[in-house]
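Trainee: Could you take me through one small part of this model, and then show me what else is worth a look? I am at home at the bench, so please explain each term as you go.

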Amino acid sequence: MTVLLSILPQHSATSSSLIHSTLIYNGYLGCSPLFPNIAISLRTLAAYRQAHRTCPRFTIQAQCKMLCHLHDMPYRPYLRSQFSAAYDAFLEIVYRVDVLLKQALKHDTPNWRLLNACPACTYKLVDESPLQFAWFATIDGNNSLKRWASSSPNSLPRDDSRRARSDYWIGHDAVDKFKDEVRSRTPYDQALDKNDKVDDWEDVRDDQEVPGEAVFHCTARWRNAGPEQHKKMFSVFDESGIFIAACRHRFVLVACDMIRSGELAKYPLAIMDHLMAVYGQNGSCAYDIGCAFSKTLSTSSLGPRADALALRMMVGTFHGHAHNRKCQLDWHPMYITGTGHTEGEGCEHIFSSSNELARSTRHASPFHRHQSIEEHFNFWDADKYAALSNFLFNHYREAIHVIQTLQAELSVIKRELNLDDADFVKFYNEEKLYLDRLKEPPIRDRLCIRYVEICAALNTARIRVDAAYTKLQHAEALVAHMEIQLRIEERWVIGGPEYIQFKEEATLGKYRTALNELERLVVMRLFELSKLSLSGTGRYKLRQQIGKALQRRSEAIRNAINRYNTQAAALNPPRPKLSWKDIAEYSFLGEFDLLRHSRTDIRELDWTKPAHREATTKYFKLLRAREEVSRLNVEVRRLRTFVHDEEMETNKVITDLQLSYPLLASELQRQWRSRLATNMFHIFRLNQIENLPSYSGMRGIGMQTSSGRRSMPKIWRIWLAISIPL
């Protein structure tokens, strides 16, 4: 560590600088810039850095208390401030050394980190097989990393002119240029929302929607998809969270702060603007409300560029199961060609770790908050790189197992049901066509339904004319008004063909209302059940609260089932009843949409039969597994080539620096030892993948598209294969 510090430029030999020079020479760092009387060893600062990166809950205060205990002295609050000052200076030194190393390695070009964040995603080779999507990303927001406003009651201002050091962050100016991208709502949208209570987060209309017909909305299930005036964000926070993007292997790509708001459209728009500018065409991006955001993106200023670059939005596999069935068929990765086993939920993995930073950043200054998040992201990416070959190995084995299992199962199913692969595609298209046509009645039909209901009220009022003369007059007036609107010359007779037709439609509407309520309750139940298995919910009080919520939800679901069965029995023909056992076994919500029967009974169609539906799901899973193998074949060779090229380049830079800058060469050698150990493990894992009986990719080292490098000599390939024994 003394070497690390002594390579920095020297300053004038004032008394203060002499003190710090003496301290650093002996392995200590002063806690104040002028005449420090407390110093902390560099080893202690380095140890705390690694401890905090591996355990974000371990704060500076905890470190100071531990040191006080080891030195048999009482803890004093001022020690935390002094340790923090020394730690800031230590990280500044580390940062400046990293800048020198990046300059020597030529890693300081614009967007270099983003273009090389994940070797498996970005290290493209000349002769590799083409992929459907050139890059994958997942985006999402999280409100755990809030920061209290400096103007909050009982808080002191935390003025700090220092700014974030890394290029993870997208600045506020780049985000705010999209703040007016979302169009205002039209009177039609407002009237539709007033009647149907739809959360139209994207604030735009689909030009293909037919006036008078309602569409499928799944944004109402997500809080981040609701209108901003309905979101309860507290003004006591300067930053209310972060919005990030990650690759398919869970490397952090970029991030931005959410300022006093929830997940406004400007945050994902700014993220997508940056990703498209850096990565270019044929990209895919997963977002938990990707279906709604795609409309916002297409109507924004980024829409033409997104279309030109063939950007494909989708929803993550976990969040996708809570979207309605029509949305799943369009946006779920299982039904999108080229996605493989990409889950689109990488941000959730990152947030599960970054949430641990909340207690140390909630009251921090803007600089210290950014510094903590940057340190966490740097360590997270290093950890993901160390586990990258394990990721490829496990996914390859899983994909091979899925292919072998589903091929055997589908061969039996196709033989027994007399089906072929074309039938599965047909079932998918027929279901999608049915759901596309599954609209609510047009405006005239709605008015006719209302007219029938008023006629029934009129008939009831006539029966009770003595007791309800006022009600009779009101009903007469309503009926006359509706007849004028519908231009009905002769009043419909109860029992007549028109009356019966729209009486059935009214009954069907009540059935759908009961079903919607049941579906809403089951969505809540599924998410509350998922909380029980999340990390960080092991505390008794939290589990007790979740348990009570499940008890209340279960009783509400039972009542909703009773209401649903009542309405299902009133239909002609009656619809199948549901039991608590059926609901308790639901693993996803798409099946509910098949219960919303239209005017045509679909129960006898092939694609609605459980056996055919299960076989179709297996077929699409098999397709995605084969795509996953094809992508992994490319990613395995990319990683092997990256490991080889990195070693060649680093050794060359070390050799050059030993002549021109020996101290920097020594520091680079120290850092390279750790990286080399990780790379050797990657070679071991990659050899295991290539030795799998079902491996179908190219072997050996390739050549990066932009480097002009040639393949490695044969003797080098042999050494890589035998360097680490199995």
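Trainee: In which helix is cysteine 121 found?

Mentor: Happy to help. Cysteine 121 sits in helix α7, which covers residues 119-122; helices and strands here are DSSP runs (H or I of at least four residues for a helix, E of at least two for a strand), numbered from the N terminus. Bear in mind that this is a predicted model, in which local features need pLDDT of at least 70 and side-chain atom pairs count only at pLDDT 80 or more, while totals for chains, interfaces and linings use all residues. Residues are numbered from 1 along each chain as its sequence is written, and side-chain values use heavy atoms, without hydrogens or water.

Cysteine 121 counts as buried because its relative accessible area is 10%, and the cut-offs are under 20% for buried, over 50% for exposed and anything in between for partly exposed (1.4 Å probe, protein chains only). Its link to leucine 639 is worth finding on your screen: 518 residues separate cysteine 121 and leucine 639 in sequence, yet their C-alpha atoms are 9.1 Å apart in space.

A similar pair takes us to another helix. Glutamine 63 belongs to α4, residues 60-70, and is buried at 4% relative accessibility. From glutamine 63 to leucine 45 there are 18 residues in sequence and 9.9 Å in space, C-alpha to C-alpha.

Leu45 is one of the buried residues of helix α3, together with Leu42, Tyr48, Arg49, His52 and Arg53. These buried residues line one face of the helix, because they fall within an arc of 130° when you look down the axis of α3; the arc is taken from the directions between the helix axis and the C-beta atoms. On the other side of α3, Arg43 and Thr54 are exposed. The helix itself runs over residues 42-54, with 13 residues and 18 Å from its first C-alpha to its last, close to the 18 Å expected. That expected span is 1.5 Å times one less than the number of residues.

Next, the charged pairs. The structure holds 30 salt bridges, each a side-chain nitrogen of Lys or Arg within 4 Å of a carboxyl oxygen of Asp or Glu. Glutamate 667 and arginine 670 form one of them, at 2.6 Å from N to O. Both residues belong to helix α26 (residues 662-690), and being three residues apart, they are separated by about one helical turn. An α-helix has 3.6 residues a turn, so residues three or four places apart point the same way. Glutamate 667 is buried at a relative accessible area of 2%, whereas arginine 670 is partly exposed at 39%.

Helix α19 has such a pair too: aspartate 423 bridges to lysine 426, with the closest N and O atoms 4.0 Å apart, and these two are also three residues apart. Aspartate 423 is buried, at 16% relative accessible area, and lysine 426 is partly exposed, at 37%. In α25, glutamate 635 and arginine 631 are four residues apart, about one helical turn. The closest N and O atoms of their salt bridge are 4.0 Å apart, and both residues are buried. You will also find Arg147, Asp238, Glu239 and Arg260 linked in a network of salt bridges.

Helices α19 and α25 come up again around a cavity, that is, a set of points on a 1 Å grid over the protein atoms alone where a 1.4 Å probe fits but cannot get out, with lining residues having an atom within 4 Å of a point. A search of the whole structure gives four cavities of 30 Å³ or more, and the second largest contains about 70 Å³ of space, a volume being what probe spheres set on the points would fill. Among the residues lining the second largest cavity are Arg325, Tyr335, Phe427, Glu431, Trp607 and Arg613. Two or more lining residues come from each of α14 (325-331), α19 (421-437) and α25 (610-660).

Just before α19, asparagine 418 lies in the loop between α18 (388-417) and α19. Its phi is near 60°, a positive value in a residue other than glycine, and asparagine 418 is exposed at 69% relative accessibility. Alanine 310, with phi near 55°, has a positive value as well; look for alanine 310 in the loop between α12 (303-308) and β8 (312-314), where it is partly exposed at 38%.

Technical notes. 1 Å grid on protein atoms, 1.4 Å probe; cavity = no way out; pocket = protein on both sides within 12 Å on 5 of 7 lines; lining within 4 Å.
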